[in-house]
Amino acid sequence: MSPDVARIWRRLEELASDHRARTPESYAFYPEFLRDHTLSLVDLTLDWSLQRLDQDVSRTLVKLSDATNLQEQLRRQFAGEIVNPTEQRAALHTALRDTPTSPENVNDQLRISRSELILFAVNVLTGHTKSFSGDAFTDVLHLGIGGSHLGQKLLCDALGSSRLNIHFLSNSQSKHVHDTLVDLNPAKTLVIVASKSFTTPETQQNFQHVGNWFAERTGRRDSLSSNLVLISSNASLMAGLPGKHFIVPEEVGGRYSVWSAMGLPVLLRLGSEQFEQLIQGANLIDQHVATAPSSENAAIMLALLAIWNTNFLATTSHAVLSYVAALRWLPGYLQQLEMESLGKSVTIDGDAVPHHTTSLTWGGEETDGQHAWHQWLHQGTHAFSADFIASTERKTQADVWTLANSLAQHHVTFFGHKDSVAPEKHIQGGHGSTLILLNSVNARTIGMLLALYEHKVACLGYLWNINPFDQWGVERGKVMADEINKALTDRNHKLSDALLNERVRKILPRQK
């Protein structure tokens with residue numbers, strides 16, 4: 001931490017001491033304050049006026065951004081320089097949505113790849129590309145997990161409009177596999193296998209299950225070949241396998257990859273016009289983040305608010321509360337985006353991080369959540385922050401009711417409710433939250449929202465001096481699981497860890 005950053009950090013700690021003691025009523029709200037704590041970006045509005053801060057805190061947070069050279073870090077990312085030092089890679093997901101990235105030949109190649117992807121999707125949608133049976137496809141079975149699954153499922157559920165039905169198979173347990181396949185007809189089903197490394201065990205197991213299912217149902221071992229699409233960064237492992245192959249650049253992380261060939265199920269469900277609108281929405285945010293000053297930059301402000309809440313107001317969880325039914329899978333998508341990217345305890349220099357990094361991200365669909373976790377939010381004892389996501393689009397009275405609920409819950413979260421007569425009705429309040437309003441719910445606005453969160457995550461990585469583009473903590477468990485799997489399937493296999501070996505030996509007799 002540089003001397004300037006350390007000085008600003010100490011100043012924020014001083015300010016936080018005051019704000020932790022303040023009551024919600026002590027905050028002054030006036031037109032200039034509301035104006036300075038709201039940003040409108042085309043069809044998306046960000047309102048952080050109900051955070052536990054004032055103008056002094058806001059200015060000091062912006063100084064922290066400047067002292068860490070955050071905008072220079074973003075410039076390097078957009079320019080295609082190495083920002084993932086542990087893997088010596090750039091982060092090129094913004095280049096997938098036509099945001100200028102150097103060198104120019106990278107952009108050209110990515111545009112060609114997207115044109116090929118769109119052409120394939122159009123041929124499937126129009127029936128020109130057919131199943132082995134000669135039938136047009138009616139269903140798509142997508143095999144993937146994590147970054148090859150969560151964004152795709154979110155977008156297909158939120159925006160689906162084409163004639164194709166998309167089915168997702170991530171878990172490899174037999175009941176899940178059976179329940180997913182039971183009503184599908186292989187003669188009309190396109191199978192997509194999506195795995196960045198092409199080594200993910202669950203996806204490979206499901207690939208094998210589906211191959212066997214095709215052979216059993218059709219009586220032909222080669223029937224899957226004409227119905228198969230493989231998507232990966234690992235061209236060598238795909239080589240020699242049947243089907244149509246699409247390559248994802250190594251510089252595009254799995255959780256940032258829905259804009260790449262990994263987005264094929266989204267393209268098939270939305271159609272090419274809506275998919276292009278999704279890309280355009282993300283591009284709008286890219287352009288904004290690349291050019292707007294810190295105090296007027298939506299992604300930077302979201303990141304600074306997370307720093308304020310996590311490192312200075314001691315919140316340990318962040319709730320994503322979506323009052324947009326189409327975004328019901330958004331919290332699950334953001335759990336991976338934020339916690340896999342920012343769940344780090346070592347800086348890019350290899351030193352221990354001297355403070356907390358990301359909070360627990362959780363949430364769900366509203367207004368269902370008001371009948372579940374809102375009691376904990378309003379009268380529980382834990383500190384938290386939140387994002388309330390709502391739409392101002394009012395087509396029916398139910399839309400008006402939902403918007404009213406989002407505004408009410410956002411208000412009560414900060415101001416609480418005083419009741420001196422009935423203490424069981426008292427709500428402390430004082431929890432900071434941000435309101436994100438979409439003028440409408442469509443491919444462009446959802447593209448804007450997802451890109452905004454991606455950039456928030458990158459900004460937090462740069463502010464905390466950690467790498468938001470690797471995920472080494474995930475890998476150790478996979479290695480151990482492979483060893484344990486060998487012991488569970490071969491009683492003669494001895495594990496090197498004596499305690500673990502003994503535990504497995506006790507489990508083995510229980511297996512049937």
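**Exercise 1. Find how many cavities of 30 Å³ or more the structure holds, and describe the lining of the largest cavity.**

Solution. Start with the count: this predicted model holds two cavities of 30 Å³ or more. Next comes volume, and the largest cavity takes in about 170 Å³ of space. Its lining is made of 17 residues, and the closest to its centre are Leu302, Ala306, His318, Ser385 and Lys456.

Now work out where the lining comes from. Helix H12 (298-312), strand S10 (384-391) and helix H16 (443-464) each supply at least two residues. H12 gives the most, with five residues. Finally, sort the lining by class: five residues are nonpolar, nine are polar and three are charged.

**Exercise 2. Say which residues line the second largest cavity, and which classes they fall into.**

Solution. This cavity holds about 40 Å³ of space. Walk along the chain and you meet its lining: Gly147, Leu150, Gly151, Gly254, Arg255, Tyr256, Ser257, Val258, Tyr333 and Gln336. The elements that give two or more residues here are helix H6 (150-159) and helix H13 (330-342). By class, you should get four nonpolar, five polar and one charged.

**Exercise 3. Turn to the largest pocket and work out which helix gives the most to its lining.**

Solution. First, the volume: the largest pocket comes to about 1,100 Å³. There are 41 lining residues, and the closest to the pocket's centre are Ser197, Thr200, Gln471, Glu475 and Lys478. Helix H8 (201-218), H13 and helix H17 (472-489) each supply at least two lining residues. H17 gives the most, with seven residues. The class tally for this lining is twelve nonpolar, 18 polar and eleven charged.

**Exercise 4. Place Ser294, decide whether Ser294 is buried or exposed, and list what Ser294 is in contact with.**

Solution. Look in the loop between helix H11 (272-291) and H12, and there you'll find Ser294. The cut-off for buried is under 20% relative accessible area. Ser294 has a relative accessible area of 4%, so Ser294 is buried.

Now check the side chain: Ser294 makes a polar contact with the side chain of Asp66 (3.5 Å). Leave aside neighbours within four places in sequence, and Ser294 is in contact with Val62, Ser65, Asp66, Gln71, Ile300 and Met301.

**Exercise 5. Do the accessibility call for Ser40 too, then look at the partners of Ser40.**

Solution. Ser40 lies in strand S1 (residues 38-41). Exposed means over 50% relative accessible area. Ser40 has 56% relative accessibility, so Ser40 counts as exposed. The side chain of Ser40 makes a polar contact with the side chain of Thr45 (3.5 Å). For a longer reach along the sequence, try Ile436: Ser40 and Ile436 are 396 residues apart in sequence, yet 9.8 Å apart in space, C-alpha to C-alpha.

**Exercise 6. Pick out the residues that touch the most other members of the largest nonpolar core, then follow Leu268.**

Solution. The largest nonpolar core has 108 residues, and those that touch the most other members are Ile231, Leu264, Leu268, Trp308, Leu327, Leu330 and Ile389. H16 brings the largest share of this core, 15 residues.

Zoom in on Leu268. Leaving aside neighbours within four places in sequence, Leu268 is in contact with Ala121, Val124, Leu125, Val140, Ser162, Leu164, Ile166, Leu190 and Ile192. To finish, look for the second, separate core: it has 17 residues, including Val193, Phe207, Val210 and Trp213.

Key. Residues numbered from 1 in each chain as written. Predicted model: local features only at pLDDT ≥ 70, side-chain atom pairs only at ≥ 80, totals over all residues. Heavy atoms only, no water. 1 Å grid on protein atoms, 1.4 Å probe; cavity = no way out; pocket = protein on both sides within 12 Å on 5 of 7 lines; lining within 4 Å. Points joined across faces, edges and corners; volume = space filled by probe spheres on them. Helix = DSSP H or I, 4+ residues; strand = E, 2+ residues; numbered from the N terminus. Nonpolar A, V, L, I, M, F, W, Y, C, P; charged D, E, K, R; others polar. Buried < 20%, exposed > 50% of the residue type's maximum accessible area, 1.4 Å probe, protein only. Polar contact = N/O pair within 3.5 Å; in protein donor to acceptor, adjacent residues only side chain to side chain. Contact = heavy atoms within 4.5 Å. Core = buried A, V, L, I, M, F, W, Y, C linked by side-chain atoms within 4.5 Å.
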